[in-house]
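Let's take a walk through this protein, starting with its strands and ending in its core. Have the sequence and the 3D view ready.

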Amino acid sequence: MGLSVTISAADAADAEHILKLQYLCYQSEAELYGDWSIEPLTQSLDALRAELAEGYGLVARLGDEVVASVRARLDEDGTVRIAKLIVHPRMQRHGLGGRLLDGIERHFAETAGTAVRPAPSPKRFQLFTGHRSEGNLRLYRSKGYAQVATRELGPKLTLVTLEKAAA
């Protein structure tokens with residue numbers, strides 16, 4: 001009998017595992033854009049811990065191994081900024097990215113105005129990716145995200161910002 005993937009809230013104990021997975025997952029992005037200085041590859045463990053403390057994260061586990069993760073935070077303007085959706089290369093194309101997106105959206109929708117998250121309800125969900133990251137763009141569009149902006153960061157990279165209204 002095989003193991004099933006479980007999704008749960010990330011905590012400080014997951015930070016080191018997330019950082020190692022992040023480093024592995026962003027190698028393909030660095031290669032795609034010819035830039036190994038991108039923030040996900042240079043982020044410190046302390047910075048990742050701070051992101052988890054200031055926002056909310058999910059991890060997907062196969063047994064005890066963290067195989068996917070996503071982080072997000074709600075801004076004062078009602079925008080949930082989703083970041084660093086990562087899935088282990090051997091686990092890609094099995095729906096984990098979509099499950100994590102659904103989970104992070106559900107968390108912010110369900111906890112708004114509660115003791116867990118006294119902030120107002122989210123108005124929109126927003127994320128970004130590089131213009132050549134076709135798999136990411138395809139996933140985000142399939143989940144209802146639409147392009148709202150682009151920003152050229154250099155001759156090799158244009159960031160595409162996508163968002164969708166909160167339900």
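In β5, V80 has F125 as its bridge partner. This is a predicted model, where local features need pLDDT of at least 70, side-chain atom pairs count only at pLDDT 80 or more, and totals for chains, interfaces and linings use all residues. Residues are numbered from 1 along each chain as its sequence is written, and side-chain values use heavy atoms, leaving out hydrogens and water.

Here's how β4 pairs up with other strands (strands are DSSP E runs of at least two residues, helices H or I runs of at least four, numbered from the N terminus; two strands pair if DSSP finds at least two bridges between them).

| Pair | Bridges | Direction |
|---|---|---|
| β3 and β4 | six bridges | antiparallel |
| β4 and β5 | three bridges | parallel |

On the β3 side, R71 has A83 in β4 as its bridge partner. Four residues sit between the strands of the β3 and β4 hairpin, where G78 takes a positive phi near 90 degrees.

How many of the nine residues of β4 are buried? Seven are, so the strand is mostly covered (buried means under 20% relative accessible area with a 1.4 Å probe, protein chains only).

Now for the inside. The largest nonpolar core (buried Ala, Val, Leu, Ile, Met, Phe, Trp, Tyr and Cys residues joined through side-chain atoms within 4.5 Å) has 26 residues, and I82, L96, I104, F108 and Y145 touch the most other members. Elements that each supply at least two of its residues include β4 (79–87) and α5 (96–111). A second, separate core has 15 residues, among them L21, C25, Y26 and V66.

Methods
Buried < 20%, exposed > 50% of the residue type's maximum accessible area, 1.4 Å probe, protein only.
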